[in-house]
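The exercises below ask you to work through a structure residue by residue, with each task followed by a stepwise solution. Please keep the sequence and the model open while you read.

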Amino acid sequence: VQLQASGGGLVQPGGSLRLSCAASGSIFRISVMGWYRQAPGKQRELVARITSGGSADYADSVKGRFAISRDNAKNTVYLQMNSLKPEDTAVYYCNSKIPGYDDWGQGTLVTVSS
């Protein structure tokens, strides 16, 4: 699966952004799709993921602020990010997982700063 992430940028604290990740291939519908992030000097961490059936789970740090969704007709997964904080600053990566496959997009930078 090839993944193309977009939607990052500079936003003020308290602002919102929506990330998109477009996937190629027919296996998108059965993939668990996830968003991860990596801040400078830190390890990559899971932000949110969503199953093929639409069940989602989130990192504690983003619960209530971020929402992951998917559109199987468009082979796209989204991450709506609200009430952004400076500590959300990171490169955000989308990920596709099915048994035997683990694919990553190129990352999109989100900077939260005044």
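**Exercise 1.** Determine whether N75 counts as buried or exposed, and describe its backbone.

Step one is the accessibility: N75 counts as buried because its relative accessibility is 16%, where buried means under 20% relative accessible area, exposed over 50%, and partly exposed in between, with a 1.4 Å probe and protein chains only. Step two is the location, which is the loop between β7 and β8; strands (E, at least two residues) and helices (H or I, at least four) are DSSP runs, numbered from the N terminus. Step three is the backbone, where phi of N75 is near 50 degrees, a positive value in a residue other than glycine. Most residues other than glycine have a negative phi.

The model is predicted, so local features need pLDDT of at least 70 and side-chain atom pairs count only at pLDDT 80 or more, whereas totals for chains, interfaces and linings use all residues. Residues are numbered from 1 along each chain as its sequence is written, and side-chain values use heavy atoms, with hydrogens and water left out.

**Exercise 2.** Carry out the analysis of backbone and accessibility for S83.

S83 lies in the loop between β8 and β9, and its phi is positive, about 50 degrees, although S83 is not a glycine. With 40% relative accessibility, S83 counts as partly exposed.

**Exercise 3.** Find the disulfide and work out its handedness.

Taking a disulfide as a pair of cysteine sulfur atoms within 2.5 Å, the count comes to one. The partners are C21 and C94, whose sulfur atoms are 2.0 Å apart. Since C21 lies in strand β3 and C94 in strand β9, the pair ties together parts that are 73 residues apart in sequence. The torsion about the S-S bond is about 50 degrees, and therefore the disulfide is right-handed. As for burial, C21 has 0% relative accessibility and counts as buried, and C94 is buried with a relative accessible area of 0%.

**Exercise 4.** Identify which members of the largest nonpolar core touch the most other members, and which strand gives the most to this core.

A nonpolar core is a set of buried Ala, Val, Leu, Ile, Met, Phe, Trp, Tyr and Cys residues joined through side-chain atoms within 4.5 Å. Of the 27 residues in the largest one, W35, V47, F66, L79, M81 and Y92 touch the most other members. The strand that gives the most is β3, with four residues. Taking contact as heavy atoms within 4.5 Å, and not counting residues up to four places away in sequence, the residues that F66 touches include V47, L79, M81 and Y92.
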